[in-house]
Amino acid sequence: MELSEIESVELSYLQLEDYQELKTVMVDAYQSMPEAYWKEEHIQTLLKKFPEGQVVLKVNGLLAGCALSLIIDEDQFEENHTYREITANYTFNSHRADGDLLYGIDVFIKPEFRGLRLGRRLYDYRKELCENLNLKGIAFGGRIPNYHKYSNKLSPKEYIEKVRSREIHDPVLNFQISNDFHPTRVLKGYLEGDTASNEYAVLLEWNNIYYESPKKKPTSDKTIVRLGLIQWQMRPYENIEALLQQAEYFIDAVSGYRSDFALFPEFFNAPLMASDNHLSEADAIRRLAKHTDQIIERFSGFAISYNINIVSGSMPELRDGNLYNVGYLCRRDGTVERYEKIHVTPDEAKVWGMQGGSSLQVFDTDCGKVGILICYDSEFPELSRLLALEGMDILFVPFLTDTQNGYSRVRNCAQARAIENECYVAIAGSVGNLPNVHNMDIQFAQSMVFTPCDFAFPTNGIKAEATPNTEMILIADVDLSLLRELNQFGSVRNLKDRRSDIYEVKRTSLSSSS
């Protein structure tokens, strides 16, 4: 049939009244196995056990193709199984309504309708059904009908590899691979009487990236996450209470918009050094470190009372006589975790005597997995790649830059991190000036939220951006489910296409994670 002859294409559930036409289509489809058609009682049993798993395609009112499926319990079947075993000797008693895997037991297109890509519609329906039923994925034994032509010189494994590399054309296997199914193993003696395949089949699988394993306790995991970025104005404060009052004001504001996260900038508490401006820069920042415990204690309380996860930017901290640039993730469930700046800038080392940290980790939250890199760390792509390989969804970058070129380094590197790691990146900085604090005189910032660059995201990779050098909050929603889809089906797949056979990024024994 030609495309121009098609007036209607309808996908519908298989009905028992369709049986005689179905039988005719099956006989035409499996001409090399003339007796390989389902009896009416088989179809009746399938419709009784799992009606939504049995669908047909009708073109101009004529039955053109069919897909039949079961739900099985993955753990109950060996990886090496036969068609007779998977169908429980054609009784279909292997079907489990509470199973976790959709198993395709048949799919066929009448020869005169082949070449119209109708089979894709049947596979797409199976994928949608799998997602709607929250099943792990789809599996089936795929025939390799051209294998008999090469069996005297190629093993099944070699044959499959040549099909994948397009050296050999196999109409069934090529079609299945093009529909995102991947071969996992060879099944010997799979289908009795399939002489064209020498009774071999390929176990093909498709993974449902939206599958959620059953939870033993209620959770509030989200796919749409709202970010609240605080573009902080540097201004004099009389004391720490005044600074905390201003911080609470912004937390209240972003919480009022039902944000899931509040992101503060790097060294947002620097104004408190004004009272110690008579001291050297190194001594003044060590005095500032004395406030860190109190700030984190209060931020943790704010996280609970305002029901928001707070990324506290960063602040100085003394440990064992060493000065570090650190921050804390204050979750709304009351837990608190620490992160460190790994790479200190030459100025931080020279003027303040600051040390680089060694802790790098992904944090689990009720809104996905997040990573946090402080300012200069965002300019080292190895760090974010390690976090991405551990499942990071959102990267937070609190920063402090005094000039536009310094800001541009952070901004451009942060956007690159979003593309190469298939994640969202939120950056927040401070604006204004502090004339009474040495080494912290001026600031330049434009807080932003970056996305990957693909069809589901903004074309320029920018979800939201603040007004430059203006005190404000920035609210943006990000959809974590789009990241899962990008990873599997994106125009380009930066994480999946890495050449790990040539290079790799890995932790050394000195780095740590939790």
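## Disulfides

A disulfide is a pair of cysteine sulfur atoms within 2.5 Å. In general terms, a disulfide is a covalent bond between the sulfur atoms of two cysteines. This structure holds 0 disulfides. It is a predicted model, in which local features need pLDDT of at least 70 and side-chain atom pairs count only at pLDDT 80 or more, while totals for chains, interfaces and linings use all residues. Residues are numbered from 1 along each chain as its sequence is written, and side-chain values use heavy atoms, with hydrogens and water left out.

Why does cysteine 66 have no bond to cysteine 130? The sulfur of cysteine 130 is the closest cysteine sulfur to that of cysteine 66, but the two are 18 Å apart, which is too far for a bond. Cysteine 66 has a relative accessible area of 0%, so it is buried (buried means under 20% relative accessible area, exposed over 50%, and partly exposed in between, with a 1.4 Å probe and protein chains only). For cysteine 330, the closest cysteine sulfur is in cysteine 367, 15 Å away, and this is also too far for a bond. Cysteine 330 counts as buried because its relative accessibility is 0%.

## Helices H4 and H6

Helices (H or I, at least four residues) and strands (E, at least two) are DSSP runs, numbered from the N terminus. Helix H4 covers residues 118-132 and helix H6 covers residues 171-178; they pack at an angle of about 50 degrees, with axes 11 Å apart. H4 is therefore oblique to H6. Axes here are lines fitted to C-alpha atoms, for helices over the stretch in contact, and angles run from 0 to 180 degrees between N-to-C directions. Angles under 35 degrees count as roughly parallel, over 145 as roughly antiparallel, 65 to 115 as roughly perpendicular, and the rest as oblique.

The crossing of H4 past H6 is right-handed (the near helix is turned clockwise from the far one by less than a right angle; anticlockwise would be left-handed). On the H4 side the contact is made by Gly119, Arg120 and Tyr123, and on the H6 side by Phe175, Gln176 and Ser178. Contact means heavy atoms within 4.5 Å. By class, this contact of H4 with H6 has 2 nonpolar, 3 polar and 1 charged residues. Ala, Val, Leu, Ile, Met, Phe, Trp, Tyr, Cys and Pro count as nonpolar, Asp, Glu, Lys and Arg as charged, and the others, Gly among them, as polar.

## Helices H7 and H9

Helix H7 (residues 240-256) and helix H9 (residues 292-305) have axes that come within 11 Å and cross at roughly 30 degrees. This makes H7 roughly parallel to H9. H7 passes H9 in a right-handed crossing. From H7, the contact uses Ile240, Glu241, Leu244, Ala247, Glu248 and Ile251; from H9, it uses Gln294, Ile295, Arg298, Phe299 and Phe302. The contact of H7 with H9 divides into 7 nonpolar, 1 polar and 3 charged residues.

Serine 300 is also placed in helix H9. Is serine 300 buried or exposed? Serine 300 counts as buried, at 13% relative accessibility. Apart from neighbours within four places in sequence, serine 300 is in contact with Cys330, Gly334 and Val336. Of these contacts, cysteine 330 is itself buried.

## Helices H11 and H12

The axes of helix H11 (residues 381-389) and helix H12 (residues 404-421) cross at roughly 35 degrees and come within 10 Å. H11 passes H12 in a right-handed crossing. Pro381, Ser384, Arg385 and Ala388 of H11 meet Arg417, Glu420 and Asn421 of H12. In this contact, 2 residues are nonpolar, 2 polar and 3 charged.

Asparagine 421 lies in H12 and is buried, with a relative accessible area of 1%. Not counting residues up to four places away in sequence, asparagine 421 touches Ser384, Arg385, Ala388 and Leu495.

## Two residues with positive phi

Most residues other than glycine have a negative phi. Asparagine 134 is not a glycine, yet its phi is positive, at about 55 degrees. Asparagine 134 is in the loop between H4 and strand E5 (137-143) and counts as partly exposed at 31% relative accessibility.

Aspartate 180 also has a positive phi, of about 75 degrees, and is not a glycine. Aspartate 180 sits in the loop between H6 and strand E6 (182-187). Its relative accessibility of 38% counts as partly exposed.
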